[in-house]
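Work through the exercises below with the model open. Each task is followed by a stepwise solution.

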Amino acid sequence: MKFFVDTADVAEIRDLAATGLLDGVTTNPSLVAKTGRDFFDVVAEICALVDGPVSAEVAATDVEAMVAEGRTLARIADNVAVKVPLTWDGLKACRSLSQDGTQVNVTLCFSANQALLAAKAGASFISPFVGRLDDIGHDGMQLIAEILEIYGNYDSFHTEVLVASIRSPMHVLHAARLGADVCTIPPVVIRQLAKHVLTDKGLDAFLADWQKTGQSILGRGDSGDKA
Ligand code: E4P
């Protein structure tokens, strides 16, 4: 499963990209607004930091303007994926931009039928929002299972299921168990994935016991600094 980070915070992205675990980035207008920075500068900087797709969302709502904005965004860098909302105009814009050879991420998906339409429109990614469905008492992960089942039924569909609106490590775990293609994860949740109280406790005990031996690993013949 690919890991995207769901943020427009360049410093966070730089830090996470250094782990080598990041396969892409998703932004949205709310995340860009939070930075208080110029949208184009932010997208260009992120695209230079990460090789994989960087989603940048259009702000227009009619098809002609969405396509024009999408083409402008796509010129920022080769790895821009244009994000369009799951509306009729968004689906038409998806079709046009995909035919240009631009990757399109269809966002704000809340039903399996919407996902079916996005695949038929040639989307590279469909973004079902699991957290926002859970927030209103629905089962976000059930939607992921349905979309994966439907897409799996048709060899002609090449749209990747990008699980979005992730709130916790459990969402990531469930998405991976279902075989989702991508999770876009807030930075705080990515960091939570590595944490376990027993890991911290075990490491403290190992380090304390090692200290008692008075030994060191480096400086024993082979320094480990092989050319
Ligand atoms: C996805 O691309 C969206 O940016 C994001 O996952 C939305 O998450 P939210 O529901 O936490 O705002």
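**Exercise 1. Which pocket does the ligand take up?**

Solution. The model is predicted. The ligand occupies the largest pocket. A molecule sits in a pocket if more than half of its atoms lie within 2 Å of the pocket's grid points.

**Exercise 2. List the residues that surround the ligand and sort them by class.**

Solution.
- Step 1: apply the 4 Å cut-off between heavy atoms of a residue and the ligand.
- Step 2: read off the shell, which holds Asp6, Thr26, Asn28, Lys83, Phe129, Arg132, Ala164, Ser165 and Arg167.
- Step 3: sort by class, giving two nonpolar, three polar and four charged residues.

**Exercise 3. Find side-chain polar atoms of Asp6, Lys83 and Arg167 that lie close to ligand oxygens, using a limit of 3.5 Å. Then state how much of the ligand the protein buries.**

Solution.
- Step 1: a side-chain N or O atom of Lys83 is 2.6 Å from a ligand oxygen.
- Step 2: for Asp6, a polar side-chain atom lies 2.7 Å from an oxygen atom of the ligand.
- Step 3: for Arg167, the distance from a side-chain N or O atom to a ligand oxygen is 2.8 Å.
- Step 4: the ligand taken alone exposes 350 Å², and the protein buries 85% of that.

**Exercise 4. How many aromatic pairs are there, and what is the geometry of Tyr154 and Phe157?**

Solution.
- Step 1: pair rings whose centres lie within 6.5 Å. The count is five aromatic pairs.
- Step 2: the ring centres of Tyr154 and Phe157 are 5.3 Å apart, with planes at 50°, so this pair is tilted.
- Step 3: Tyr154 and Phe157 join Tyr151 in one aromatic cluster.

**Exercise 5. Are Tyr154 and Phe157 buried or partly exposed?**

Solution.
- Step 1: Tyr154 has 43% relative accessibility, so Tyr154 counts as partly exposed.
- Step 2: Phe157 has 16%, under the 20% cut-off, so Phe157 counts as buried.

Key
Residues numbered from 1 in each chain as written. Predicted model: local features only at pLDDT ≥ 70, side-chain atom pairs only at ≥ 80, totals over all residues. Heavy atoms only, no water. Phe/Tyr/Trp six-rings, centres within 6.5 Å; stacked < 30°, edge-to-face > 60°. Buried < 20%, exposed > 50% of the residue type's maximum accessible area, 1.4 Å probe, protein only. Polar contact = N/O pair within 3.5 Å; in protein donor to acceptor, adjacent residues only side chain to side chain. Areas by Shrake-Rupley, 256 points an atom, 1.4 Å probe, with all protein chains shown as cover. 1 Å grid on protein atoms, 1.4 Å probe; cavity = no way out; pocket = protein on both sides within 12 Å on 5 of 7 lines; lining within 4 Å. Nonpolar A, V, L, I, M, F, W, Y, C, P; charged D, E, K, R; others polar.
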